[in-house]
Structure formats: structure tokens, C-alpha cells
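The following exercises concern ring contacts and strand pairing, and each is followed by a worked solution. Please attempt each task on the structure before reading on.

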Amino acid sequence: MPASSDGNPAAHTDARSQPLRNLWRLRPYLRPYAMEFAWLLVAALAATAASLAVPLVVQRVVDGPVARHDEAGLLRLGALALLLGVAEAVLIFIRRWTQSSSSVGMEAAIRADIYAHLQRLPAGFHDRWQSGQLLSRITSDLSVIRRFLSFGLLFLVLNLITYAAVVALLIRLHQWLGLLVAASAVPLFLISRRFARHYHAASRRMQDQQGDVATLVEETALGLRTMRAYGRGPELAARFAVGARRLHDTGIGKARLLARTSALFDLVPNLTLGAVLVAGAAAVAEGVLSIGELVAFVSLQLMLIWPVQSLGWIIANAQEAATAADRIQEVLDTPPTIVDSPHARPLDRGEVRGRLRFEGVGFRYPGTSAPVLRELDLTVEPGETMALVGATGCGKSTLLSLVPRLHEVTGGRITLDGHDVRDLRLDSLRRLVAVAFEEPTLFSMSVWENLTLGRPDAGEDEVRAALTLAQAEFAYELPWGLATRVGEQGLSLSGGQRQRLALARAVLGRPAVLVLDDPLSALDVHTEALVEAALRRVLRETATTTLLVAHRPSTVALADRVALLDDGRIVAVGTHSEMLARLPAYRAVLSAEPERRSDGVGLVRS
Ligand SMILES: Nc1ncnc2c1ncn2[C@@H]1O[C@H](COP(=O)(O)OP(=O)(O)OP(=O)(O)O)[C@@H](O)[C@H]1O
Ligand SMILES: [Mg+2]
């Protein structure tokens with residue numbers, strides 16, 4: 001859910017929610033299992049029919065063999081009752097057996113679709129959504145839906161049919177008593193409606209709060225080191241306690257609501273039963289009802305107690321499922337905005353020379369008022385390394401993210417060899433443009449898999465060449481070599497090791513354009529030298545068009561030319577030494593860097 005202005009997304013309940021419609025929209029996932037569900041319902045109905053027949057047999061027993069002391073008849077009817085009992089047991093077993101597999105399959109299918117959709121959504125979506133909210137949707141909300149589809153829905157249908165069938169039988173046995181029982185449906189309906197309304201609000205709150213707690217846990221896990229370093233443990237613990245407490249309170253509120261309603265659901269059939277017993281006894285005394293009929297009537301009526309009692313639970317389950325469907329559709333309904341245009345064309349690596357041009361590019365983050373970039377022009381020639389320099393927060397990372405279309409320009413265009421990047425197929429574009437971000441993200445998989453992320457078909461030799469180029473041969477020395485799994489975010493590697501692996505990953509695809517976001521940020525001096533050496537080698541030996549964000553003179557010195565970004569525009573382009581000599585603003589930006597290296601100037605390439 002998008003964070004709301006008060007910073008507490010859980011406080012926000014989607015006013016446009018259409019829970020039942022959204023639940024209904026999940027029906028395509030049910031389709032493959034339609035036959036299974038049909039059989040399920042048939043088995044369940046047959047089991048119910050068998051159990052309903054038992055009181056009718058009892059009626060025959062009481063009014064026939066028992067009244068007449070007929071032993072043979074008693075045995076016959078007894079055997080029939082036994083048979084019905086066994087049939088019911090077998091049918092229930094069949095129902096349970098089929099039930100489990102289909103719902104799990106369905107859950108897996110929905111989950112796969114959400115994940116695929118998340119992958120298609122633009123970076124902007126993930127900026128706005130807390131990952132914990134996504135996490136809770138893809139796990140707990142889906143299990144709620146599965147539980148409803150496998151139990152709640154079945155019992156809802158089954159109980160309604162049972163109720164109708166029992167009431168029909170009761171009316172046939174004794175009209176007025178039967179109608180009395182039928183009338184008890186009115187208070188039941190009113191109670192259900194009120195309960196459903198209240199429970200819906202509570203379950204939405206609960207599921208949102210679950211997402212908040214998941215977000216907190218995730219942030220704690222990812223930020224553990226920062227948190228410890230700043231001694232912020234107690235503060236975060238307090239924040240977590242508040243979130244957990246809120247979740248706890250909502251849970252208790254929900255449980256109490258269910259308890260209160262269940263008590264009412266218990267009361268109604270029992271009151272009706274009492275009324276029937278009194279009226280029935282009077283009818284027997286008057287001789288209009290036989291004892292056997294009264295016994296059958298009461299036993300049938302007892303069969304209504306469970307369906308009515310379970311109503312509270314079923315409605316609760318249905319409401320939770322509807323809320324979950326709402327929350328899932330909120331994700332699925334977000335359209336992927338960055339997609340291939342209808343006339344998008346693929347572009348082969350062989351066809352590309354690598355001239356990258358920004359033509360009057362403007363960019364504004366959605367939901368913000370001021371643009372980050374405006375009317376920006378810049379050309380990077382094929383094979384050239386262009387350093388991008390500018391004050392912190394001026395939009396350098398933003399500019400880079402526009403090249404592989406992680407965000408979409410809001411004005412002007414970016415071209416690669418004259419092709420607007422929006423006219424290229426996304427898969428082509430992203431193969432041609434390799435990116436390494438400031439924070440090199442490694443996934444919790446093997447080094448090999450991390451390296452070949454963009455090129456799953458890469459061979460042994462190519463990987464070795466990329467590792468050599470990025471001076472990341474250390475990967476072979478890891479305990480299991482390239483098969484070593486690196487932890488979540490690659491935390492088990494040092495910053496410099498991660499940077500070099502990210503660099504190797506970027507060059508592995510032999511991209512036409514390299515986009516590097518300050519690969520030297522957050523490194524100590526020793527590591528910095530290692531990565532810088534790797535970078536220098538990459539730039540020299542690949543002759544790839546490169547756009548490189550740099551903060552330090554030594555990194556800038558690796559570039560052929562430098563562009564200075566200020567106030568959303570490129571205000572100057574030239575060689576490092578020219579710019580140093582000519583532009584006080586340029587000197588100011590570079591010297592503002594805390595770890596300025598005195599040898600930077602000496603490394604200028606011309
Ligand atoms: N997802 C986002 N949504 C809204 N605004 C954003 C988003 N990301 C960045 N910004 C804003 O855009 C501006 C440019 O950010 P950007 O990350 O591009 O700066 P930068 O030049 O890379 O900074 P640094 O040198 O510190 O890395 C900043 O003012 C930032 O607050
Ligand atoms: Mg940045």
C-alpha cells in the first residue's frame with residue numbers, strides 16, 4: 001500500500017475496496033480445479049444426505065419395530081442406519097482427500113502471478129510500497145484465501161444446502177413446527193450481516209498491521225549493523241513493540257467480536273429447539289404428532305446446530321479472504337507503466353556502436369512537485385568514458401536510472417545510436433546497458449548465479465575473463481569457489497569484494513553501455529585502490545561507452561571527459577584539467593568531498 005501522508009499506511013483503509021468483487025475476480029484460478037470441486041461438493045452433499053437419512057430411519061424404528069416389538073424389523077433398520085453411517089464416513093474421507101491438493105495448487109498459481117507482476121512493475125512502484133506489505137500479501141493473505149477456498153466456501157455452500165434441506169424435511173414432518181424453525185433464519189441473517197460489516201473493517205486493519213510488522217522485522221534484519229552502530233536497538237524495539245501491540249489489540253478485538261457473535265449463533269438454534277420441544281410435546285399429547293416423528297424432528301433439528309454455530313467462523317473466514325483479495329488485487333491492479341511499446345524493436349549487440357545522447361531530458365518523481373532534471377543535454381561518444389559530477393542529491397543516480405528505463409523520462413528523450421530507448425525492446429535495452437548501483441546488491445545465491453544474473457548462458461571462460469577484468473579473482477578462493485552462496489545482500493563479503501563482483505557482473509554481458517554509480521563510495525582507502533584499479537582496467541580494456549558517477553578526483557581522472565550536473569542541467573562538459581582550471585563551481589564540488597585525494601589530478605588521461 002502506498003504510504004499515506006501521516007506515514008502510517010496501516011491507518012489507511014482503502015475506501016474503494018470491493019472485497020466480494022475482488023474475491024470473485026480470482027475465479028480463473030479455480031477453473032483448473034472445477035471438476036475436483038464438483039466432485040468435492042457431490043461427495044460432501046452425499047455425506048450430508050446420508051447423515052440426514054439417519055433420523056428418518058430412527059423415526060421408522062421408534063414408530064415401527066419398537067412400538068410393535070418386531071425384532072427382525074429392528075435388525076433390518078439398524079443395519080440400514082449402520083450402512084448410512086459407514087457411507088457418510090467414507091464420503092467425508094473422500095472429500096477431505098480431494099480438498100487439500102486443489103487449494104494448495106491454486107495458492108501457488110496466484111503467488112506465481114503476483115511475483116511475476118511485481119517483477120514487471122517499475123522501480124517507482126517499489127519506491128512507494130513497503131516491502132513488508134508486499135511480503136505479507138504474498139504470504140499470509142494468500143493462505144487466508146486458500147483456507148477460505150478449501151474450507152470456508154465449501155462449508156458455506158454445504159451448510160446453506162443442509163439448512164434448506166433440513167427445514168424442508170421439518171416442514172414435511174410438521175408444518176407449523178417446521179415454519180417456526182424456518183423463521184429462526186431471520187435473526188440469523190440479521191446477526192450475520194452486522195457481524196460481516198464489523199469484521200470486515202477489523203480484518204483489513206489486522207492484515208495491514210501484519211504488513212507493518214513484517215516491514216519492521218525486515219528493516220531490522222537489513223539494518224542490523226547500522227542500528228547497532230548507532231545504539232538504536234532500544235528505540236527500534238520500542239517501535240516494534242508498538243506495532244506488535246497494535247496487531248495484538250486488533251487480534252483480540254476480532255476474537256471478541258467473533259466470540260460475541262458465536263454466542264448469538266449458539267443461542268438462536270437452542271432457543272428454537274426449546275420452543276419446538278414444548279410445542280412438540282403438546283402436539284404429541286394432542287395426538288397430532290407421533291413420538292417417532294418428534295424424535296426425528298428433534299434429531300434433525302440438532303443437525304442444524306453445527307451449521308449455524310460454524311456460521312460465525314465461516315463469515316469471519318470469508319471476510320478475511322475478501323480483504324486479502326482486496327489487498328492482492330491492489331498489487332495486481334497496479335499497471336506496469338514501463339513496458340514495450342507496440343512498435344518496439346530488438347537491437348543486437350553487433351549493430352550497436354554505443355552513442356548515448358540525452359536530448360532535453362526532464363524528470364520528476366511521481367508525487368513530487370519539483371523536477372529533478374530539466375532540459376538536460378549530454379552526449380557520450382562511442383567508447384568514451386564520461387564522468388558525471390555534481391553535489392549530493394542533485395540527481396546523478398536518477399539520471400543513470402533513466403538509461404535502462406528503470407524510471408521513464410518525463411520530458412525529452414534518451415537515444416542509443418539515434419534510437420529512442422523507448423522504441424527498443426526492454427529485454428534488448430537491458431542487455432545492452434549494464435548497471436552497477438552505488439549499493440551493490442548480491443542475492444542470496446551462489447557467486448556464479450549472482451554473476452550470471454543478466455547472462456544465464458555465460459560460459460566458464462567468459463566468467464573468468466569478467467572476474468579477471470574486475471580484479472575479483474578472490475571469488476575462486478572462497479570456501480566453495482564460485483559455488484559459494486553469498487548471504488542476503490552479500491553481507492558475508494567485504495564492501496570492496498561486493499563492488500568488484502558487481503563490476504564483474506556488469507561487464508560480463510559485454511554491454512554496449514556501462515552505467516556505473518560511484519563504485520567507490522563507502523570504501524576504505526585500501527579497498528578503494530583495489531576497486532579503482534579494477535575500474536581502470538575495465539574502462540581501458542572494454543572500450544565500452546561508460547557513464548560513471550564520481551565523487552573523488554581520482555575516479556574522475558579515469559574518465560575521458562567530465563560533465564557537471566547542477567540544478568537539473570549539465571552546466572559544463574570538458575576534461576578534468578580544463579574544468580579544474582576554468583570552473584570554480586567544479587572545484588567546489590570536488591573539494592567538498594571529505595576524502596579528496598591529493599594525487600587525483602596527476603592521473604588525468606587525455
Ligand atoms: N524514489 C524517489 N522518489 C522521490 N524523490 C526521489 C527519489 N529518489 C531520489 N529522489 C530525490 O531526487 C533527488 C536526486 O536524487 P539522486 O539519488 O538522483 O541524487 P544523487 O545525485 O545520486 O545523490 P548522491 O550523490 O547523494 O548519490 C534528491 O533530491 C532525492 O531526494
Ligand atoms: Mg546517487
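**Exercise 1.** In this predicted model, find where Arg464 lies with respect to the ring of Tyr476.

*Solution.* The distance from Arg464 to the ring centre of Tyr476 is 4.4 Å. A charge sits over a ring if, for Arg, CZ is within 6 Å of the ring centre and within 35 degrees of the ring normal. Arg464 lies over the face of Tyr476.

**Exercise 2.** Classify the aromatic pairs Phe125 and Trp129, and Phe363 and Tyr365.

*Solution.* Ring centres must lie within 6.5 Å, and planes under 30 degrees apart count as stacked, whereas those over 60 count as edge-to-face. The count by this rule is 3 aromatic pairs. Among them, Phe125 and Trp129 have ring centres 4.9 Å apart and planes at 25 degrees, so this pair is stacked, and both residues are buried. For Phe363 and Tyr365 the centres are 4.9 Å apart and the planes stand at 85 degrees, so the pair is edge-to-face. Phe363 counts as buried because its relative accessibility is 3%, while Tyr365, at 24%, counts as partly exposed.

**Exercise 3.** Determine which strands stand at the edges of the open sheet of 6 strands.

*Solution.* The order is E6-E7-E8-E3-E9-E10, with mixed pairing. Strands E6 (433-436) and E10 (569-574) each have a single partner strand, so one side of each is left without a neighbour in the sheet, and these two stand at the edges. From one strand to the next, the twist averages 20 degrees. Within the sheet, strands E7 (residues 513-517) and E8 (residues 545-549) run parallel and are joined by 5 bridges, with Val515 opposite Leu547 in E8.

Key: Residues are numbered from 1 along each chain as its sequence is written. Chains are lettered from A and ligands numbered from 1 in the order in which they are written. This is a predicted model: local features need pLDDT of at least 70, side-chain atom pairs count only at pLDDT 80 or more; totals for chains, interfaces and linings use all residues. Side-chain values use heavy atoms; hydrogens and water are left out. Rings of Phe, Tyr and Trp (its six-membered ring) pair if their centres lie within 6.5 Å; planes under 30 degrees apart count as stacked, over 60 as edge-to-face and the rest as tilted. Buried means under 20% relative accessible area, exposed over 50%, partly exposed in between (1.4 Å probe, protein chains only). Two strands pair if DSSP finds at least two bridges between them. Helices (H or I, at least four residues) and strands (E, at least two) are DSSP runs, numbered from the N terminus. Axes are lines fitted to C-alpha atoms, for helices over the stretch in contact, and angles run from 0 to 180 degrees between N-to-C directions.
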